[in-house]
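Open the model in your viewer and keep the selection panel at hand. The stops below go from the ligand to a buried side chain and then to a pair of helices.

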Amino acid sequence: MCGIVGYIGMQEACPILIKGLRRLEYRGYDSAGVSMINEKGELNVFKAKGKVDDLEAFLSDKDISGTIGIAHTRWATHGIPCRENAHPHFSSSGTLSLIHNGIIENYATLKERLIEKGFTFVSDTDTEVLVQLIEYYKLEYKSDLLSAVQRALAQVIGAYAIAVLDKNNPDEIIAARKASPLAIGLGEGEYFLASDATPLVEYTHKVIYLDDDEIAVINRNSGLQIITLQGQAVNHEVSEINLDLGAIEKGGYEHFMLKEIFEQPDCLVNCMRGRINPEGTIVRFSSVIDNAEQLLNARRYIIVACGTSWHAGLIGKTLIENFCRIPVEVAYASEFRYSNPVIGNGDVVIAISQSGETADTLAAIELARSRGAFVYGIVNSVGSSIARNTQTGSYIHVGPEIGVASTKAFTGQVTVLTMLALCIAKERNTITQAELEEALGELLAIPGKMAEVLSQNDAIASLSRTFTYAQNFIYLGRGYNYPVALEGALKLKEISYIHAEGYPAAEMKHGPIALVDAEMPVVVVATNKLLYDKVLSNIQEIKARQGKVIAIVVKGDDTISKLVDYVIELPETAEFLYPLLASVPLQLLAYHIAVCKGKNVDQPRNLAKSVTVE
Ligand code: G6P
């Protein structure tokens, strides 16, 4: 949610900033802007509504020179997307420019106070309040920028990652963070700033992740100094980033989302590597070995997550309960954090997050830890805040996910949850070695079977054209497939803007069946062996009301297949592994419908990939 970039060094800043904004465009794309200090000592700010392309076009006849600069791509929180509300924001005197990712919760009070002191505002944003507040302290105390930033941040309630330029000091960027991510790339005589490591990889592999309540003073001559808000020096570890540039580019695919859907077999191989032995007899997590006491003897597991990660959590619940016989609850992180949960010692919280930066999930972790629970993270983004704030955890290792609609992260999360459940079950003796080997054998075969599903892409694309003009969709599934139905509906909503609902198939008769008529497409995930007849009856009920059924079935099915309008076949696997296969055609269906409708698949309206505000 909002991407920020900064540069200071010997090179021209603007091309680096623009490239960085493109890498971060998945975080926000309703407006963008840059600010540089040129050789003459002028502080320029240029902004445009729309995408980074619109900004670049706007810059074509501007003075964009300067070897120090900051840039921002916005996801609107306060104020509509327009040039005035875009970042960077100037202070009243035009001496400071500032970019911000986060929310200043007490901005209204601060704004009122500043207006009383004679400050005027040109935007509706909370960010402009912050830059004016810094200017106020700078003038009031006749102080340097750093002291003014410290004073201002001491007044702020909320979340921020910021970077500030001061016209009077063209050799320095000041950056700070609280609850919004900020990485500093260390080059040779140059420094980079970004909301995540993706804009940094082409310049450097050395990165420092700022922690909460820290300020970075990045000076062209004296280098980087990190201090706390109160001014104490901090020594930071430098992390190595191992991001492959190819992984953050489209590699010949029309959209990141399609690329990421097709990467899934390889991603799952990476995810399983080093955790399951090639013979399929052992599954190991160092996190389980090192924390056996907490994980194996837990009274209860509570999974907290948002969005797609929450759907993975629902599958995780069924996996852990079935294999490990430990009760599991699944909570939306946003609800959990304000719910005064009955939780404490003996409880394990599993926080699932692709980005590792979701504000609600971070707050849920904080609450759980403060009450004595043990917190395990399942995260994709290496070095992210959630990865750093959990006591232990596992990365899903699927590589950077750029498309806003999550695909490979979901199947990666489900794969980690599957392995984790099997690992804990084996340690607790709730499954036998023979059962473990059978399960692992099936799991190891999933990437190959997923590739078979992906080979039906053309057929799914042509099926999608039939539904381009549908107004509504229903998705149904049972057991392990119920969260798959929820996720399928979410994917369609997110990128095609078609209203879609996911339901447990049997619940349909308690309401949604009233919606079914000849205009209603119903996607049924019908791979269940145990509940096959029940799902069959659910389909009959839809057909009796002329609904159009698209069924996801197991290859060779000849009962449901004959009854429905369209069939997508999956290779056979174990019941608990169908979510990994069944999600793929639903991702492709949503993708192709959105493409047919001419929607921006990778950057759907109103959505952000990394939701760093409440
Ligand atoms: C946003 C994204 C979703 C994601 C959710 C949770 O809404 O658009 O794709 O599932 O946040 O994000 P996380 O990074 O915590 O998994």
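**Stop 1: the ligand**

Select Ser355 together with the ligand: an N or O atom in the Ser355 side chain lies 2.6 Å from an oxygen atom of the ligand. Keep in mind throughout that this is a predicted model.

Add Thr358 next. An N or O atom of its side chain is 2.4 Å from a ligand oxygen atom. Then show the backbone of Gln354, where an N or O atom sits 2.7 Å from an oxygen atom of the ligand.

To see the wider surroundings, display the 13 residues around the ligand; those that come nearest are Ser309, Ser353, Gln354, Ser355 and Thr358.

**Stop 2: Glu487**

Move to helix α17, residues 481-496, and pick out Glu487. Is Glu487 buried or exposed? Its relative accessibility is 4%, so Glu487 counts as buried. Leaving aside residues up to four places away in sequence, Glu487 touches Thr308, His311, Ser406 and Phe410. Keep Phe410 selected for the next stop.

**Stop 3: α14 and α20**

Show helix α14 (residues 408-428) and helix α20 (residues 578-596). Their axes come within 10 Å and cross at roughly 170 degrees, which means that α14 is roughly antiparallel to α20.

Now display the side chains where the two helices meet. From α14, select Phe410, Thr411, Val414 and Thr415; from α20, select Leu580, Ser583 and Gln587. Colour this contact by residue type: 3 of its residues are nonpolar, 4 are polar and none is charged.

Phe410 links the last two stops, since Phe410 touches Glu487 and is also one of the α14 residues that meet α20.

Notes: Residues are numbered from 1 along each chain as its sequence is written. This is a predicted model: local features need pLDDT of at least 70, side-chain atom pairs count only at pLDDT 80 or more; totals for chains, interfaces and linings use all residues. Side-chain values use heavy atoms; hydrogens and water are left out. Axes are lines fitted to C-alpha atoms, for helices over the stretch in contact, and angles run from 0 to 180 degrees between N-to-C directions. Helices (H or I, at least four residues) and strands (E, at least two) are DSSP runs, numbered from the N terminus. Angles under 35 degrees count as roughly parallel, over 145 as roughly antiparallel, 65 to 115 as roughly perpendicular and the rest as oblique. Contact means heavy atoms within 4.5 Å. Ala, Val, Leu, Ile, Met, Phe, Trp, Tyr, Cys and Pro count as nonpolar, Asp, Glu, Lys and Arg as charged, and the others, Gly among them, as polar. Buried means under 20% relative accessible area, exposed over 50%, partly exposed in between (1.4 Å probe, protein chains only). A residue is near a molecule or strand if one of its heavy atoms lies within 4 Å of it. A polar contact is a pair of N or O atoms within 3.5 Å; within protein, one must be able to donate a hydrogen and the other to accept it, and residues adjacent in sequence count only if both atoms are side-chain atoms.
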